Amino acid sequence: MIIRTRSVSAHLATMAGRGLSALREGLSPRMLLLGAAPALLVLLTALASREPGVAVGWMAFGALLLGLTVLPPLSRWLEQRRSDRDELEALRRARRRTALRRFWRVALDFQPAAWGRSELQALHFVCLNTENSRPLGERMARRLRETLSAVLAGSYCRLEELVEAAEEAGLDGVTCRTMAVELSALASRLDRSTCQPGRLPVLEGKAIAAHVSVLLEATDRLTEKVRPRIAADLLPMLRWLLAARFPPGAVDIETDEGDEERTRVAVRPLDLAGALEGLLARILRRGQLAGVVTVDSRVGAQIVEISIRWPVRDRWHLEPAVLLEPLAVLSAYGGEYLMREELDSAVAVVEVRLPRVAPVGSDQAFECLDSAV
C-alpha cells in the first residue's frame, strides 16, 4: 500500500509539472496577446456603442477565458502544420536531388560508346539485317540469342531504372510515360522471339528496331535536359571555397590561371562544393596535418584529376575512410577517388578523378545555384 501511494503521488507530481509547463508555454507574451484579442474586441465594441456596464465586463472576461483556452492551442497546431509542410517539402527536394543523381549515373551507361547504348545499337542492327523468310544458320542464331539475352538482362533493366529515376526527379512526364510504354512493348516482343538454327526465326525485327530507336531518342532527350544542371567549374569553385570557408594560408592551389577555363566537370555544383568542402575540412581537422594542404589539377581529354596533398605528422592515426566519406556523392556522377601515402616524404595524397565537360560558348565561371532540384 505504501509503495502504491508513493507511485500515485509521483504520478500526480509528474502530471502537475507537465501542466505547469504547458501553462507557462500557453501564457507566453505572444500567446497572452493572442488570447486577449477577443476580450479586447468586445471592449472596443462596447465603447464604440457607448453601452458600458457589468454585462460588458462579464462578456469581456468570458471572451478572455475563451481566447486563452482556444486560441493558443489553435496557434500551436497551425505552427506545427506549417512546420510539417516545410519538413515534407524539404524531404521531397532531397528525394528529387537523389533521384537526379541516380538518373545521371544511369544515363552515363547510354552515352556514346557506353555499354548500354552499344547493346541496344547491336540489337537494332541485328534485327534490321535478319530475314524472317530464311532459316537461321548456326552463327546467326547464336548471335541473335546473345544479343536478345544481353538486352533483356542488361540495358532493358537499366532503362527501367532510368525511367523510374526520371519520374522521381520530376523530369519530362510525357517522355517518361512514352519510354515506359516502349519498354513494355519491347520486352513483350523479345520474349516472343525464337532463334533456333535451321529454323525460320520468330522475330519482329522492324518493330523491335523501332522501339530501340524511340528509347534511345527519348534517353538522349532527357539527358540533354538534365545536362546543364550537371556541370560546375572546378577551379573557380575551389578558390571561392578557400576564400569563404577556410582560414587564409591553410590551403594553397598550385594551378595555372589558364586552366580555369578547362576544368568544367560533370557534377552538380552543390554536390561538388559539398564534397570538396567536407574533404578539406576533415583534412584540416583530422588529417594529422603538419603543414599546408596543396591542391593541384590536371586536365585530360575526358577527365579532370584533382590531387590534394599534405604533410602528415602521425601516419598511424590517419583515418582514410573518415577523410574520404564526403566524396561518396561523386560516385553518382562517375567520379573516382582514392587515398595513398608517399612514405619517403611522409605525405598523404587524395586523388579525385571527375568526368570533364567540354567548354561550350561563354558560360559563367562559377555555378553553385542549383537548389531547385
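## Helix α4 and its surroundings

In this predicted model, the cover over the buried residues of helix α4 includes α5, α6 (173-192) and α7. The buried residues of α4 are Gly116, Arg117, Leu120, Leu123, Val126 and Cys127. From its first C-alpha to its last, α4 reaches 20 Å over 14 residues, close to the 20 Å expected at 1.5 Å a residue.

One link between α4 and its surroundings runs through Ser155, a residue of helix α5 (residues 138-168). Ser155 has a relative accessible area of 0%, under the 20% limit, and therefore counts as buried. Its contacts, with residues up to four places away in sequence left out, are Phe110, Trp115, Gly116, Glu119, Leu120 and Ala150. With Glu119 there is also a side-chain polar contact of 3.1 Å.

## The chain as a whole

The chain holds 10 helices and 7 strands. Of its 373 residues, 37% are buried. Among contacts between residues at least 6 apart in sequence, 74% join residues at least 24 apart. The count of aromatic pairs comes to 0.

## Confidence in the model

The average pLDDT of the chain is 79, and 74% of the residues score at least 70. Among the elements, strand β7 (residues 347-355) has the highest mean pLDDT, 93, and helix α1 (residues 2-26) the lowest, 49. Residues 1-5 have a pLDDT below 50, and this stretch makes 0 contacts beyond near neighbours in sequence.

Residues 360-373 also stay under 50 in pLDDT, but here the model has 29 contacts beyond four places in sequence. Where pLDDT is low, the predicted coordinates should not be read in detail.

## The loop between α3 and α4

Asp109 lies in the loop that connects α3 (54-107) with α4 (115-128). Its relative accessible area is 11%, which is under 20%, so Asp109 is buried. Beyond its neighbours within four places in sequence, Asp109 is in contact with Ala114, Trp115, Gly116, Arg117 and Arg158.

Ala113 belongs to the loop between α3 and α4 as well. Is Ala113 buried or exposed? Ala113 is exposed, because its relative accessibility of 76% is over the 50% limit. Its phi is positive, at about 75°, although Ala113 is not a glycine.

## Helices α7 and α8

Helix α7 covers residues 205-226, which makes 22 residues. At 1.5 Å a residue these should span 32 Å, and the C-alpha atoms at the two ends are 32 Å apart, so the model agrees with the expected span. The buried residues of α7 are Gly205, Ile208, Ala209, His211, Val212, Leu215, Leu216, Ala218, Thr219, Leu222, Thr223 and Val226.

Helix α8 (residues 234-245) has 12 residues, and its first and last C-alpha atoms are 16 Å apart, close to the 16 Å expected at 1.5 Å a residue. Buried in α8 are Leu234, Leu235, Pro236, Met237, Leu238, Leu241 and Leu242. The elements that cover these buried residues include β1 (232-233), β2 (251-253), α9 (269-286), β4 (293-299) and β5.

## Val312 and Ala346

Val312 is in the loop between β5 (303-311) and α10 (320-324). With a relative accessible area of 12%, against a limit of 20%, Val312 is therefore buried. Which residues does Val312 contact, leaving aside its neighbours within four places in sequence? They are Gln288, Ala290, Leu318, Ala346, Val347 and Ala348. The C-alpha atom of Val312 is separated by 9.0 Å from that of Ser345, which is 33 residues apart from Val312 along the chain.

Ala346, one of the contacts of Val312, sits in the loop between β6 (336-342) and β7. Its relative accessibility of 39% falls between 20% and 50%, so Ala346 counts as partly exposed. Ala346 has a positive phi, near 55°, and is a residue other than glycine.

## A charge over a ring

The charged end of Arg315 is placed over the ring of Trp316, at 4.6 Å from the ring centre.

Methods. Residues are numbered from 1 along each chain as its sequence is written. This is a predicted model: local features need pLDDT of at least 70, side-chain atom pairs count only at pLDDT 80 or more; totals for chains, interfaces and linings use all residues. Side-chain values use heavy atoms; hydrogens and water are left out. Helices (H or I, at least four residues) and strands (E, at least two) are DSSP runs, numbered from the N terminus. The expected span of a helix is 1.5 Å times one less than its number of residues. Buried means under 20% relative accessible area, exposed over 50%, partly exposed in between (1.4 Å probe, protein chains only). pLDDT is the predictor's confidence in each residue, from 0 to 100. Contact means heavy atoms within 4.5 Å. Rings of Phe, Tyr and Trp (its six-membered ring) pair if their centres lie within 6.5 Å; planes under 30 degrees apart count as stacked, over 60 as edge-to-face and the rest as tilted. A charge sits over a ring if NZ of Lys or CZ of Arg is within 6 Å of the ring centre and within 35 degrees of the ring normal. A polar contact is a pair of N or O atoms within 3.5 Å; within protein, one must be able to donate a hydrogen and the other to accept it, and residues adjacent in sequence count only if both atoms are side-chain atoms.
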